[in-house]
Amino acid sequence: MKLKKFQLKNDLEVITVENHKSPVVSVQMWVHTGSADEGKGEEGISHFIEHLVFKGTTKYKVGEIASLVEGSGGELNAYTSFDQTVFYVTISKEYIDTAMDVISQMMGHPLFDETEINNEREVVLEEIKRTEDNPHRQAGSKLFEGAFKKHPYGIPVIGYAKNIKTVKKEVLTNYFHRRYTPENMTLLVVGDFDGKTIKAKINSYFSDAPKFKTKKVKRKAEEPQSRARYQFVEGPFQETLMHLAWKIPKVTHKDIPALDVLSMILGQGDSSRLMKSLRIENPLTNYCVASTFTPKDPGFFAISSSLLVEKSQEAFEVLCQQLERVLSVPPSLKELDKIKINIESDELYALETVDGLARKFGTYHDLFEDPEYYKEWIEKIQNLLPKDILRVARKYLNPSQMNAVILSKGKVKSLEENFKTFQKNYKKVYDRTLPEKPQKETIEKRPKIKWQAKNTSKTSGVKKLSSGANLIYFISPDSPVVSMKVAWLGGLRAQEKWNSGLTEVLSRTWVSDTEDYTEQQLHLEVDKLASHIGAFGGRNTFGLAMTSLVPLLDPAFEIFESVTHKALFKDEVIKREIDQIKEQIKNREDNPAQQCSRNFNEKMFSGHPYGSDPLGDMESLILLRSNDIKEYLTPLMNANNMDIVIVGDVNLDYWTDKLEAFSSKLPRGKKFNKQFAINPLQKSEEIFLESKKEQSHVILGFPGLTLTSPERYTLQVIQSILAGQGGRLFLELRDKESLAYSVSPMRLDGIDVGYFGAYIACSPEKVKKSINMLQAEFDKLLHQKVSEKEILRAKRYLIGRHDIELQKNSSISSSLIFDHIYGLPYNETFHFAQKLEKVSAQDIQEVARQIFSQKAVISVVGSQSPW
């Protein structure tokens with residue numbers, strides 16, 4: 001990996017990172033301006049401009065940029081934050097010129113067409129409504145508003161609807177010209193490119209950018225906080241959310257590394273103190289986590305939780321105990337070392353994708369003016385002692401400087417009283433707590449986690465093990481990440497009505513106590529190895545997945561093996577997770593898109609397991625016990641019903657022997673091959689559920705195809721014709737009609753049956769028009785042949801996204817194992833492009849007729865019915 005920095009004559013800073021792991025490149029423009037640089041009355045225009053530069057340039061008309069990038073197999077997107085706005089294209093190395101061309105056009109030559117400004121106003125207003133319907137965004141917004149009374153971090157990045165409705169073109173262009181200047185931007189090019197020619201190529205695209213004068217912005221400074229602030233906010237939400245935050249210095253301050261580590265000790269991962277004490281050992285909350293917000297200006301240290309109102313008194317008591325502990329007792333060297341290993345390992349995990357690398361280098365450069373500052377950052381983390389963590393906890397977690405927000409449905413008197421008691425108790429704890437006298441501490445020189453890419457070829461295949469299981473492998477020497485999965489056929493299709501929700505409960509309780517580990521020991525050991533072990537359960541399968549690094553793989557596998565063969569499924573763990581699921585079902589009212597999908601599936605798959613609620617129903621859930629899970633697993637969890645996949649830089653012979661022994665511990669059994677009858681729709685169905693939200697949610701769909709249907713590639717091309725910023729739905733419903741911020745096609749291929757349709761979220765008064773326009777787009781595909789140009793764009797878009805996704809070994813392992821277990825060739829994913837190339841315009845029209853001439857299901861959740 002070779003990093004170079006240089007500057008063009010127009011003062012544009014450039015960072016290139018040459019990396020030949022995958023034939024993919026990411027071109028990113030980091031504009032060093034964000035919402036915190038806006039003036040009075042301009043709130044929200046940075047985000048608005050992010051939208052508008054996609055809407056035409058001197059070279060490209062509306063929609064052409066997205067069509068060009070997606071037609072070259074690339075992904076195009078952007079995001080706005082307080083401090084920066086980032087535009088990026090991830091694309092095959094063959095189309096690096098396309099990426100540079102569109103980024104240079106968007107950054108140097110946007111049109112800001114008056115008509116398009118007005119069209120996009122509606123889209124951004126829909127996006128604002130979406131945030132108003134989201135309890136997490138509302139609670140977060142209130143936290144920033146309360147913590148930053150003067151500094152612009154207190155203003156939402158998305159801004160205010162009143163500004164978006166009235167802002168003039170002149171204001172937008174003036175802001176763009178004074179902040180989007182070459183000297184205020186950094187171009188990053190990361191991935192597989194020719195290092196000898198890249199500088200000349202960059203110069204040819206970016207040297208002609210108009211050079212306006214950058215206007216420096218002086219942000220209002222936040223005044224020191226001398227007393228606690230708290231807000232009890234009432235909202236139309238089921239979930240109760242809490243944030244506690246304390247001010248901390250800006251990211252360059254010497255205390256930030258220790259504060260980052262403190263947040264990880266307190267509340268990141270299942271072995272962290274808050275998750276262990278408030279979610280795992282004693283389920284007093286839905287979750288309780290800690291984090292640091294470390295931007296360019298002073299930020300905050302936060303503890304965030306989803307509260308259970310009836311348990312809030314005890315939850316606050318435990319939280320106070322945990323804060324007292326962190327204020328008085330330094331963490332152990334072992335606890336600190338666990339965090340250091342994870343931070344060190346993150347650098348290796350980041351090597352998997354060019355986007356991950358570009359984001360890392362871009363972030364460090366933006367914050368520290370040095371893209372390789374991460375080396376110094378890691379060194380600072382490695383040099384921390386337990387006393388450093390104790391010191392920053394005492395220094396910053398002062399109760400008089402706490403900012404608190406609690407968002408709940410209506411005024412909950414007991415909740416307010418419990419919090420105020422916590423606040424008083426925490427002040428007493430802080431005032432009386434004296435830190436323990438630090439012990440003599442020395443940092444053990446632990447060897448660094450090392451891995452070196454090998455210059456060997458990739459190999460793949462499938463083996464039938466003597467146990468009866470199938471082993472699929474992909475030996476990839478260019479990544480330190482190893483992905484392993486085991487899967488069995490079953491899932492919802494193996495459930496009965498009486499044990500509804502069992503697959504979900506299984507996936508939540510499997511990685512807990514085993515014969516070898518308590519749940520707490522297991523989480524701790526996995527976290528110490530910077531690995532992940534998780535369970536999954538879906539419509540058709542259930543299983544376990546592990547991600548680890550090559551040097552840590554063997555000890556991680558020991559834990560994985562214990563989870564697979566020796567899980568206890570304790571009743572108390574099952575009850576704890578069922579209570580969480582019941583809470584999730586209750587909170588579903590906060591997520592109308594999820595309700596819309598649930599209603600659609602229930603009607604589309606009436607009488608079939610796919611129509612059942614994956615979370616289960618209350619009556620069945622409360623009856624589930626450990627024996628029910630074991631009885632469910634007995635006929636399914638056998639070697640003949642099992643596929644194993646391993647992907648990464650591993651020794652095949654060694655792991656074949658280990659996995660042979662691993663799978664031989666299971667009975668041979670037989671494959672699950674239960675068949676289900678399909679009840680075809682007799683008439684089109686319309687479902688409406690009232691929800692008092694700002695937006696309505698709509699799904700219009702038809703019966704689809706199966707996982708092995710010969711036409712499934714044609715249907716994917718149809719989906720691609722409709723999808724993306726250059727797809728028909730985005731262009732017609734969003735770009736031209738400004739109906740929505742979110743609109744996209746939907747597809748499910750199942751073992752027995754599937755669906756195809758589209759989803760849109762819009763204002764209630766736009767629902768009827770949205771449904772009509774979605775139907776019109778389906779009808780066009782049915783009645784009119786698609787042009788070869790549009791088919792080519794759709795195919796390239798699919799192929800490009802597919803190749804970009806396969807940068808990650810976890811994505812490769814998923815493709816290999818699920819294709820094989822469903823009866824397809826294990827290496828189908830490597831022949832994706834060839835399969836798509838065979839799809840013709842005639843195929844598209846025939847499949848469109850097959851799908852869109854059927855009866856439809858329309859599901860709407862909103863404040864008013866369209867019928």
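A residue is called buried when its relative accessible area is under 20%, exposed when this is over 50%, and partly exposed in between (1.4 Å probe, protein chains only). The views below come from a predicted model, in which local features need pLDDT of at least 70 and side-chain atom pairs count only at pLDDT 80 or more, while totals for chains, interfaces and linings use all residues. Residues are numbered from 1 along each chain as its sequence is written, and side-chain values use heavy atoms, with hydrogens and water left out.

**View A. A salt bridge between glutamate 120 and arginine 734.** The term salt bridge denotes a side-chain nitrogen of Lys or Arg within 4 Å of a carboxyl oxygen of Asp or Glu, and by this rule the count comes to 55. In this pair the N to O distance is 3.3 Å. Glutamate 120 lies in helix 4 (residues 114–132) and arginine 734 in helix 26 (residues 728–736), so the salt bridge ties together parts that are 614 residues apart in sequence; helices are DSSP runs (H or I, at least four residues) and strands likewise (E, at least two), numbered from the N terminus. Glutamate 120 is buried, with a relative accessible area of 2%, and arginine 734 is buried as well, at 9%.

**View B. Arginine 432 paired with glutamate 324.** The side chains of these two residues meet in a salt bridge with an N to O distance of 3.3 Å. Because arginine 432 belongs to helix 16 and glutamate 324 to helix 11, the pair ties together parts that are 108 residues apart in sequence. Arginine 432 is exposed, with a relative accessible area of 54%, whereas glutamate 324 is partly exposed, at 25%.

**View C. Lysine 254 and aspartate 255 in a salt bridge.** The closest N and O atoms of this pair are 3.6 Å apart. Lysine 254 is exposed, with a relative accessible area of 63%, but aspartate 255 counts as buried at 0%.

**View D. The surroundings of helix 15 (residues 386–396).** This helix is mostly covered, as 8 of its 11 residues are buried, among them Pro386, Asp388, Ile389 and Tyr396. The buried residues of helix 15 pack against strand 8 (240–248), helix 9 (256–267), helix 11 (312–328), helix 12 (333–349) and helix 16 (413–432), where contact means heavy atoms within 4.5 Å.

**View E. Glutamine 595 in helix 21 (residues 592–604).** Glutamine 595 is buried, with a relative accessible area of 13%, and touches Arg588, Glu589, Leu689 and Val861, not counting residues up to four places away in sequence.
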